[in-house]
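This report reads through one model, moving from its overall make-up to selected helix pairs and residues. Please keep the sequence and the coordinates at hand while reading.

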Amino acid sequence: MSAASTETSAPLPAAASRVFFQPLAGVGCAGSGPMPRDDPVQRKQGKVTVKYDRKELRKRLILEEWIIEQLSDLYDCEEEEMPEVEIDIDDLLEVNSEDERAVKLQESLMDCYKPTEVFVSELLGRIRGMRKLTAPTKKGL
């Protein structure tokens, strides 16, 4: 036997005997499960923030958190116990006049036993200048 063949038959350290391949995107063995490198949640968030203006999304999130807090105070309950109240910001932004927006909000809050005028006027002030979130045209995505 030559020296070369005895060299290859000698046991190698465990780490050196493994071969790792870089998987191609979207290619995997059946039943191999999700690839840890590709986190679909992270990619989806990235697409959302690219698709919409991140600053506008942040303002919207802050407004929605404020609305939930105010509704909790108005209904004297936690978010989970709150009655079904639907306040659609985009819907309100489609309405042209402040008076119509106020009427629409008052209709949503019919079940509330506390005065809602302060909440309505504050909300209308906060949405003033906001834009409706619509999917932008594709520029190269």
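What follows describes a predicted model, beginning with the chain as a whole and then turning to helix packing and to single residues.

**Overall make-up**

The protein chain contains six helices and zero strands, and its elements, read along the sequence, follow the pattern α-α-α-α-α-α. Of its 141 residues, 21% count as buried. Among contacts between residues at least 6 apart in sequence, 59% join residues at least 24 apart.

**Two packings that involve helix 6**

Helix 6, which spans residues 117-127, packs with helix 5 and also with helix 3, and the geometry of each pair is set out below.

| Helix pair | Angle | Distance between axes |
|---|---|---|
| Helix 5 and helix 6 | about 130° | 10 Å |
| Helix 3 and helix 6 | about 180° | 12 Å |

With an angle of about 130°, helix 5 and helix 6 are oblique to each other, because this value falls in none of the ranges that count as roughly parallel, roughly perpendicular or roughly antiparallel. Helix 5 passes helix 6 in a right-handed crossing. On the side of helix 5 the contact is made by E98, R101, A102, L105 and Q106, which meet E117, V120, L123, L124 and I127 in helix 6. The residues of this contact divide into six nonpolar, one polar and three charged.

The pairing of helix 3 with helix 6, at about 180°, is roughly antiparallel, because angles over 145 degrees count as such. Here L63, W66, I67, Q70, L71 and L74 of helix 3 are in contact with F119, E122, L123, R126 and I127 of helix 6. By residue class, this contact comprises eight nonpolar, one polar and two charged residues. L123 and I127 of helix 6 are listed in the contact with helix 5 and also in the contact with helix 3.

**R101 in helix 5**

Is R101, a charged residue that takes part in the contact with helix 6, buried or exposed? R101 lies in helix 5, residues 98-108, and is buried, because its relative accessible area of 11% is under the 20% cut-off. Leaving aside residues up to four places away in sequence, R101 touches L92, L93, V95, L124 and I127; of these, L124 and I127 belong to the helix 6 side of the contact described above. A polar atom of the R101 side chain lies 3.5 Å from the backbone oxygen of L93. The C-alpha atoms of R101 and D91 are separated by 9.0 Å, with the two residues 10 apart along the chain.

**D90 in helix 4**

D90 is found in helix 4 and likewise counts as buried, because its relative accessibility of 17% is under 20%. Which side chain makes a polar contact with that of D90? The partner is the side chain of R60, at 3.1 Å. When residues up to four places away in sequence are not counted, D90 touches R60, K132 and L133.

**D76 in a loop**

D76 is placed in the loop between helix 3 (54-75) and helix 4 (89-94). Its phi is near 50°, a positive value in a residue other than glycine. Most residues other than glycine have a negative phi.

Notes:
Residues numbered from 1 in each chain as written. Predicted model: local features only at pLDDT ≥ 70, side-chain atom pairs only at ≥ 80, totals over all residues. Heavy atoms only, no water. Helix = DSSP H or I, 4+ residues; strand = E, 2+ residues; numbered from the N terminus. Buried < 20%, exposed > 50% of the residue type's maximum accessible area, 1.4 Å probe, protein only. Contact = heavy atoms within 4.5 Å. Polar contact = N/O pair within 3.5 Å; in protein donor to acceptor, adjacent residues only side chain to side chain. Axes fitted to C-alpha atoms, helices over the stretch in contact; angles between N-to-C directions. Parallel < 35°, antiparallel > 145°, perpendicular 65-115°, else oblique. Left-handed = near helix turned anticlockwise from the far one by under 90°. Nonpolar A, V, L, I, M, F, W, Y, C, P; charged D, E, K, R; others polar.
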